[in-house]
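Here are some questions and answers about the enclosed and open spaces in a predicted model, with the reasoning set out step by step.

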Amino acid sequence: MFLCNLRSVTTQSRGIFIAFEGGDGAGKSTQAARLAEALESLGHTVLRTREPGGTPIGEKLRSLVLDHGHGTIDARTEALMFAASRAAHAHQVIRPALAEGAVVITDRYIDSSVAYQGAGRGLGTAEVRGLNEWATENLEPDLTVLLDVHPEDGRERRTAGNTGEDRLESEPDDFHSRIRHAFLELAAARPASYLVLPANDPVEVLAGRILERVRLLLESPVTGGRP
Ligand code: TYD
C-alpha cells in the first residue's frame, strides 16, 4: 500500500492530483515522467496517466478524435468527445487512485478543453468549463503545471520529433496562439493553483522546479475533502 513519507497521517487517504498542461510540443510528457520517477524514488505511489485516454473507452475516443481520416468532426462533437473521455477517466481512474492516497499525474485535463475547444475552436471558455465540471463532478487538480510554449517553438519541436501531426496539432499558428493565451489566463486567474514555467528552459531546470513545488504541496496540510 501507499507509503507516504512527506504528508501528515491525516491527509494520506486523499492523494494529490497534478495536471500538466501546455501547447503541443511543450514537453509535458517528459516532465510528467521525470516527476513520476522522482516521487516514486521518494516512496510515493504514483499513477501517471493522460488525456484523451487513460481508460479503454478513452483510448478509443482518443484515436477517433485525434486521427485524421474520420471525416469532419464539428467543434461541439469534438468538445463532447474530450469530455466523455475525461468523465470515464475521472470516475474510473483518477478518483479511485486519489482515494487510495496516490499521487495522480495526468498529461492534460480540463484546461486543455477550455483552451483548445473553448478558445481555439471558439466554443467559449465558460461553456466548455461548465461541460467538463459536469463531466467530472467538479474534480479539480491540486496543482496545474503549465509549460508555456510559443506556437512557433512548439511546431519546431514537434517537427524535430518527426512523429507526424494529429488533427489538433496540424491547426495553424493563430489557433495555437489563442490556446497559449487561454492557458496563461487560466493560470493568472488562480495563481496559487498553478506553476507556470517557460517550456524552453533546460529539462533539468524544469524538473527541479516542478519537484520543488510538488514537495511543498505534499508537505502542506490539505483541508476539506473532494466534491
Ligand atoms: P497530447 O496527448 O498532448 O498529444 P501528443 O501525445 O501527440 O503529444 O494531446 C493530443 C491533442 O489533443 C493535443 O493537440 C491537444 C488536444 N486536446 C484537446 O484539444 N482537448 C482536450 O481536452 C485534450 C485533453 C487534448
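Q: Which helix gives the most to the lining of the largest cavity?
A: Helix H7 (173-189) gives the most, with four residues. Strand S4 (143-148) and H6 also supply at least two residues each.

Q: What makes a residue part of the lining of the largest cavity?
A: A lining residue must have an atom within 4 Å of a point of the cavity. In this predicted model, 13 residues line the largest cavity, and the closest to its centre are Gly23, Asp24, Val149, His176 and Arg180.

Q: How do you know that the largest cavity is counted?
A: The count takes cavities of 30 Å³ or more, and the largest cavity holds about 100 Å³ of space. The second largest cavity, with about 60 Å³, is counted too, and the total comes to two.

Q: Why is Tyr109 placed among the nonpolar residues of a lining?
A: Tyr109 lines the second largest cavity, and Tyr counts as nonpolar whereas Glu counts as charged, so Tyr109 is placed in the nonpolar class and Glu21 in the charged class. The whole lining divides into four nonpolar, two polar and four charged residues.

Q: Why is the space of about 650 Å³ called a pocket?
A: A pocket is an open set of points, whereas a probe in a cavity cannot get out; the space of about 650 Å³ is the largest pocket, and therefore belongs to the open kind. Among its 31 lining residues, Asp24, Lys28, Arg108, Asp166 and Glu169 are the closest to its centre. By class, the lining has six nonpolar, 12 polar and 13 charged residues.

Conventions: Residues are numbered from 1 along each chain as its sequence is written. This is a predicted model: local features need pLDDT of at least 70, side-chain atom pairs count only at pLDDT 80 or more; totals for chains, interfaces and linings use all residues. Side-chain values use heavy atoms; hydrogens and water are left out. On a 1 Å grid over the protein atoms alone, a cavity is a set of points where a 1.4 Å probe fits but cannot get out, and a pocket is an open set with protein on both sides within 12 Å along at least five of seven lines; lining residues have an atom within 4 Å of a point. Grid points are joined across faces, edges and corners, and a volume is the space filled by probe spheres set on the points.
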